[in-house]
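Biologist: I would like to learn how to read sheets and a chain contact. Please start with the terms.

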Amino acid sequence: MTSDVAAKLEAPVAARRSWWRDDATESLRRNLALVGVLLALFAIGAITKPDLYGDPDWVVNNMFTILKLASVIGVVTVGMTFVIIGGGIDLSVGAIIALAGVWATTVESQSYGPGGMIFAALAVGVGVGLVNGVLISYGRLVPFIATLAMLVAARGLASEISGQQTQISRSRFINDIASTNPLGIPLLVYLFAAVAAAGWVLLNRTTFGRRTVAVGGNPEAARLAGINVKRHTLLLYVLSGLCCGIGAIMLTSQATSAQAAMANLYELDAIAAAIIGGTLLAGGRGTIVGSLLGVLIFSTITNLFAINNLSTEAQNMLKGGIIVAAVLIQQFQFKSVSQFLARNRLTRT
Amino acid sequence: MTVLRLTDVVKTFPGVRALDGVSLEVEAGEVHCLLGQNGAGKSTLIKVLAGVHRPDSGSIEWQGTAATFATPQAAMKAGIATIYQELDLVDDLSVAENVFLGHEPRRLGFVARGAMVRRTRQILGGLGHAEIPPRREVRHLPNAGKQIVSMARALSREARLIVMDEPSAVLAHDEVGNLFRIIRELTAQGIAVIYISHRLEEIREIGDRVTVLKDGRTTAANLPARDTPTRELVSRMTGRTIEYVFPAHTATTPGDELLRVTGLTRSGEFSDVSLTVHSGEIVGIAGLVGSGRSELLETIYGARQADSGTVHVDGRPLRPGSVTASVRTGIGMAPEERKAQALLLGEPVYRNITLAAFARYARAGFTNTGREKAVAARVAERLDLRPRDVRRPVRTLSGGNQQKVVVGRWLVEDVRLLLLDEPTRGVDVGARAELYRIIRGLAADGVGVLLVSSEVPEVLGLADRVLVMREGRVIHSGPADQLDEDRVLDMVMAGSLLEEVEL
């Protein structure tokens, strides 16, 4: 019956949809709306703190502060976006960062110098992602459960390795990543931009990206078209793990240390950013640009609350509200009120 | 006493007139059989009775008064229960919870579990199945048991009419006898039964009267079930008003052997199927839903793993259970459910057309969308896809054009063997003719085609050779021009002409 309803709905709509309502521009429209939200947040800042926003140097510096704040979550969100478009979810990203960070800063790892530390962080990220992927594709565990188990286990292991101590990074090279500003722009922001650009190319210009959309959009159709769905699903979690490894290096550098409690609740921020950016939680649709805008909106809010000396509690409540609003908008898909009413009428009868 | 009278009921869906003036009269205490081919309107009719669909026009008279059932709940409340083929039970609930789902006995606002279990036991006992434990989860029951639970649910609602949609399809042979015993007990209490089945021998055994549907119309009403000749029943179901337009059959000699299937078996689905397809040849498989045809096609394709038997292409064994290997060998399949199994609805047409081929156009992992669009545009041209713009999302296309996209996916590369499962389901007449032309054209180019369809005229009109499947076995194989619709239908349904046919 649902297909009848869908057919009734779509047939006339397709005919009179203008370019503005065209499906091809839907993600563009959504991203423009997100840019609008960012501008609105900027305006709120300018109104509440006119003295600060009147100083151009401060504004530029503050922008970099926001971008630095966004950089680690941003890198993680790129991986998360792939996983969600591919029809899965990765709840273990924060725990992977903690494990990778702790592993990279053990006395043993540090003895190999910065190269050894970076290798350790990336290898741990990829390795944990591989375990997630194998459990989900070949062990047929539900992604939610598999990565939830990993969330608990990886943090446990990180805590075990570090002996619940904060491990100081003694590598100048690693610690400098967060404090160097080539051409006046923080290196972390370059890293963030590089990962985001790579993610965009991977999603939009490669067979990997095309498979991701196919596997998430309709796994059965992908399988019957000859795509190896299981192998691809596995690779998605490996990619997410790799992003976490990169994030772990960045975060360790910022703190000049690592500990088992680091990157706490990053999974929530990354998922929320992807969803706000228009990634469909059911899979098959999403954009890197949208996810990045989602990340930027969140860090701008955090920044806004900080400069106004407001509590994190209020901030979290606002973030929760934004997530709900974003998903509601997603459901209505910018369609007109009359269509929305028509749909409700049809489902009731 | 007439409990139900339908007069000239019409129900249209976009592009299809599913019911085009159906009349039906059911008396209390009778078993009224509905007969008709796939697409004749039986499913729509029972959904109208069950309150799922509302008719556009025509009247329904229920127990002497005019009635419309706005919701399934309303129909159930009025005393009409429907037992669907797929048995819509909740697997995770217990037998008793399923029986009283939606009308649980209550005490002080809480479900009176004890009373519910007691009543369920009573009803099951009345059906002669006291051995089914009311507290057992439904998932642990065999199909026959689930059917009993569905019937108990109907009785718990005090149904006066029970509609059974192919109840015997899920049952083993000896279980059908038990079903008939229950049906007889129900009718003895004055309950009316609408019985849908494709098996003539069952209709003769259990039925009182028969109404025949064809293309959404009643073509014969209230025939005596026991002694109407098979010939008459079959001819009422065929002799259609929808014209099938087939391109002229050009006499071509088939090329080399392309596909050889030997003794292919998947337990519970089909057994010991052997067949060959030559290049340039169209082989049609006729059979009912549930005869194992779709499963057979998917197994040949590698989407399912066979229990035993082999598949050879060009004399070389095909890697079993690997769609990727099949696609690489030049085999393509257009599955039965285009929305669930074939299309990425939100993605543009060209990406759907190149879904099986985009990796071959890619260089070093980078997709070549320019080439993909060009290739897709050529396919769209060849299939006369409307609208022609390949950047539109598939979702915005009509059913027929979506189906063309599904078939078009395999015109992109050098496909040599095409497996088509119900290629014209839900497709309107015009698009049908085009699809037929395309399939013929492919065969003329040397592609081997294995075609499954529930519509007998389609199989006969398109195929060079026809296999008839019944209950997982190939019961007949021979040239299409030596068969006619009546004969195939008879084999598919009753098998009574089987003796005359040499295998």
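Modeller: Two strands pair if DSSP finds at least two bridges between them. Helices (H or I, at least four residues) and strands (E, at least two) are DSSP runs, numbered from the N terminus. This is a predicted model, where local features need pLDDT of at least 70, side-chain atom pairs count only at pLDDT 80 or more, and totals for chains, interfaces and linings use all residues. Residues are numbered from 1 along each chain as its sequence is written, while chains are lettered from A and ligands numbered from 1 in the order in which they are written.

Biologist: How many bridges join strand 15 to strand 21 of chain B?

Modeller: Four, between residues 282-286 and residues 465-470, and the two strands run parallel. Within that pair, B:Ala286 faces B:Val468 of strand 21.

Biologist: What is the strand order of the sheet in chain B that holds strand 15?

Modeller: The order is 18-19-20-15-21-22; this is an open sheet of six strands with mixed pairing. Its edges are strand 18 (331-334) and strand 22 (473-479) of chain B, each paired on one side only. From one strand to the next, the twist averages 15°.

Biologist: Which helix packs on this sheet?

Modeller: First, two terms. Residues are in contact if their C-beta atoms, placed from the backbone, lie within 7 Å. Axes are lines fitted to C-alpha atoms, for helices over the stretch in contact, and angles run from 0 to 180 degrees between N-to-C directions. Here, helix 18 (residues 485-493) of chain B touches strand 15, strand 21 and strand 22 of chain B. Its direction makes about 30° with that of strand 21.

Biologist: Where are the edges of the sheet with order 6-9-10-3-11-12 in chain B?

Modeller: They are strand 6 (80-83) and strand 12 (217-224) of chain B. This open sheet of six strands also has mixed pairing. Neighbouring strands are turned by 20° against each other on average, direction ignored. Helix 8 (residues 230-237) of chain B packs on the sheet, touching strand 3 (31-35), strand 11 (209-214) and strand 12. Helix 8 makes about 30° with the direction of strand 11 of chain B.

Biologist: How many residues does each chain bring to the contact of chain A with chain B?

Modeller: Chain A gives 28 residues and chain B gives 30. On the chain A side, helix 1 (2-16), helix 11 (207-217) and helix 12 (219-224) are the elements that give two or more residues. Helix 1 of chain A has the largest share, seven residues.

How values were computed. Two residues are in contact if their C-beta atoms, placed from the backbone, lie within 7 Å.
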